[in-house]
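I opened this model to look up a few things and note them down. The entries below follow the order in which I checked them.

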Amino acid sequence: MTEVIKHVDISYYVYLSVLLFSIGVMGVLLRRNAIILFMCIELMLNSVNLLFVAFSSYMGDANGQLFVFFIMVVAAAEVAVGLAILVMMYRNTKSVDVSLLDKLKN
Amino acid sequence: MGLSEILAYSLGVVSITTALLVVFSKNPIHSVLYLILTFFSIAGQYVILNAQFLFIVQIIVYSGAIMVLFLFVLMLLNLSGDTEPQKDNVFKIISVVAGGLLFISMIAMLKGIGNMNLPASPDSQIGLVKNLGQLLFSKYVIPFELSSVLFLSGMVGAVMIGKKDAEDIN
């Protein structure tokens, strides 16, 4: 499978990652369901991971792939805590609408 | 156009399509299922990029653990698709335009990324478990141990946040 590195330009992976990241940002701005916001954050993390792996493979440098490994570790911990907060929020407000959380404004 | 190129481009198309469906589908359960497809297509990109270890980790951690957690919480909360209040159309258009502008400005910033100095034939063995494990337990051993502390504190935090208060139970 080494042909991909020879035949596909690195800019393809850069543009793909940027597009996925932009879709994630758009989702965070567009939706109000807190679970979907979380999923869009995961999408952004994954687009960055893809770019790391692409550069790591094209450069022949293993440090990038280990960095992706650590990003996955932190993302797993983040999701566990974040979903606990979400369940707590649902228990208090009976909704996962993020726009209800505006207590700090008043 | 060889097999590897077709594979790379079709996986890219699948990941972008499913990512858009994650954002735009009304039912949150459909969003979760499309996100699993996105993660699988990104895992496929890892295979063709010679990152075999990360392919397995991506399947197990993201498509397995994290998305099951999402699906579990979603079913626990019992949300139906039509309960989510929609933002008004002006706000929707503004957010799509903002995402598009971010994309365009990042593309403009990255112009000329193609003519970088890359090695002609990089080592294709770096993604294997042996190589990454040796690096992980020599150069990155302290971050590795710190991540175990992070996991422990995350676990304790999730249990503390998730449990009911003492006065609620009584």
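**Entry 1, the interface.** I looked up polar contacts between the two chains in this predicted model. The rule finds 10 residue pairs in polar contact across the interface of chain A and chain B, both residues at pLDDT 80 or more. On the chain A side that touches chain B, α1 (3-7), α2 (10-30), α3 (34-59) and α4 (63-93) each supply at least two residues. The largest share of that side is from α4(A), with 23 residues. I then looked for salt bridges across the interface of chain A and chain B, and the rule finds zero.

**Entry 2, its extent.** I noted that 75 residues of chain A contact 85 residues of chain B. The buried area between chain A and chain B is about 7,500 Å². Carbon and sulfur atoms give 77% of that area.

**Entry 3, Leu74(B).** I found Leu74(B) in helix α3 (residues 52-77) of chain B. Is Leu74(B) buried or exposed? Its relative accessible area is 5%, so I entered Leu74(B) as buried, the cut-off being under 20%. Leaving out residues up to four places away in sequence, Leu74(B) touches Ile35(A) from chain A, and Pro28(B), Ile29(B), Val32(B) and Leu79(B) from chain B. I also took the C-alpha to C-alpha distance from Leu74(B) to Val61(B): 18 Å, at 13 residues apart in sequence.

**Entry 4, a surface patch.** I looked up a nonpolar patch on the surface, formed by Leu152(B), Met155(B), Val156(B) and Met160(B). Together they have about 420 Å² of accessible area. Met160(B) sits in helix α6 (residues 141-162) of chain B. I entered Met160(B) as exposed because its relative accessible area is 52%, and exposed means over 50%.

Conventions: Residues numbered from 1 in each chain as written. Chains lettered and ligands numbered in written order. Predicted model: local features only at pLDDT ≥ 70, side-chain atom pairs only at ≥ 80, totals over all residues. Heavy atoms only, no water. Patch = residues over 30% accessible without salt bridge, like charges linked within 9 Å, V, L, I, M, F, W, Y side chains within 5 Å. Areas by Shrake-Rupley, 256 points an atom, 1.4 Å probe, with all protein chains shown as cover. Salt bridge = Lys/Arg side-chain N within 4 Å of Asp/Glu carboxyl O. Helix = DSSP H or I, 4+ residues; strand = E, 2+ residues; numbered from the N terminus. Buried < 20%, exposed > 50% of the residue type's maximum accessible area, 1.4 Å probe, protein only. Contact = heavy atoms within 4.5 Å. Buried area = accessible area lost by both parts, 1.4 Å probe. Polar contact = N/O pair within 3.5 Å; in protein donor to acceptor, adjacent residues only side chain to side chain.
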